[in-house]
Amino acid sequence: MPVCRRDPCGFFCILMTYGAVLYADYVVVRWIVLQTMEGSLWGSFHVLLFNTVILLLFMSHARAVFSDPGIVPLPTHRIDFSDSHSEGGSIAPKEDWTICTRCEMYRPPRAHHCRICKHCIRKMDHHCPWINNCVGERNQKYFIQFLLYVGVLSIYAVCLVAWSWYTECPGCPKEIHIRQTRILHSVLLVMESFLFGMFVIAIACDQFEAIFSDETLVEQVKKQGPYRPRKPRLALLDIKDVPPDNLQITLVGSRISRQISNFWKRIS
């Protein structure tokens with residue numbers, strides 16, 4: 001279900017993101033390709049590739065903005081939690097479920113309340129103003145795609161600027177005001193690319209760390225530690241119900257899974 005937050009800060013950040021990307025496209029096409037690669041197949045190739053990355057960036061950003069991050073639906077009837085802490089009071093419907101006093105409902109494990117969205121979000125990492133939405137269970141992949149495309153676009157823009165000034169261009173305009181304008185736009189593009197590139201790389205590192213450690217940013221702040229279901233290790237492996245011929249295979253598979261998990265912990 002598409003969602004849209006009525007947050008002025010979020011709208012401003014979205015407009016600033018689109019403006020920065022479109023400005024980068026304008027500089028690359030108008031002041032780099034048309035000035036240094038006019039009439040060349042390399043110029044057409046770079047324009048096509050650069051705008052393809054921009055299209056993918058916009059698509060991933062739109063899906064991160066309008067996708068449901070994992071909203072826990074509100075109950076149709078208000079639930080009374082006045083006696084939830086007393087003996088005989090109401091209890092959570094399942095193990096590890098908690099109570100959200102703002103939504104006045106039970107919420108599943110690892111769900112957290114967002115004060116901006118005014119909803120509980122499953123596996124909420126943080127509320128990002130750049131997408132005017134929460135980063136949660138269902139839209140985190142689109143958010144990571146958006147970060148990767150921004151990083152690729154930033155590196156691509158810096159490389160084009162460096163190449164345009166490093167190579168000789170006998171056919172480039174010699175007018176002073178055109179050269180000064182080109183230099184100004186190139187410097188602004190490089191500054192923008194470094195700023196956004198370093199920013200998204202830092203966020204992407206946090207996202208991958210959260211994935212490999214199985215710990216969202218909210219859980220890190222609350223110092224809850226990586227999520228571990230409150231079940232014994234062999235709760236999912238009922239040995240009594242496993243045939244003897246498959247018992248050894250099952251145990252070996254469990255051991256391999258545990259080794260893979262420990263490997264990801266070491267490299268993250």
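The questions and answers below concern helix 1 and the salt bridges of a predicted model.

The model is predicted, with local features needing pLDDT of at least 70 and side-chain atom pairs counting only at pLDDT 80 or more, while totals for chains, interfaces and linings use all residues. Residues are numbered from 1 along each chain as its sequence is written, and side-chain values use heavy atoms, with hydrogens and water left out.

Me: How far apart are the end C-alpha atoms of helix 1?
Reply: Helices (DSSP runs of H or I, at least four residues) and strands (E, at least two) are numbered from the N terminus. The expected span of a helix is 1.5 Å times one less than its number of residues, so the 29 residues of helix 1 (residues 8-36) should span 42 Å. The end C-alpha atoms agree with this, as their separation is 41 Å.

Me: Which residues are linked with Arg110 in a network of salt bridges?
Reply: A salt bridge requires a side-chain nitrogen of Lys or Arg within 4 Å of a carboxyl oxygen of Asp or Glu. Arginine 110 meets aspartate 214 with the closest N and O atoms 2.8 Å apart, and meets glutamate 219 at 2.9 Å, N to O. The network therefore joins Arg110 to Asp214 and Glu219.

Me: Is glutamate 219 buried or exposed?
Reply: Buried means under 20% relative accessible area, exposed over 50%, and partly exposed in between, with a 1.4 Å probe and protein chains only. Because glutamate 219 has a relative accessible area of 3%, the residue counts as buried.
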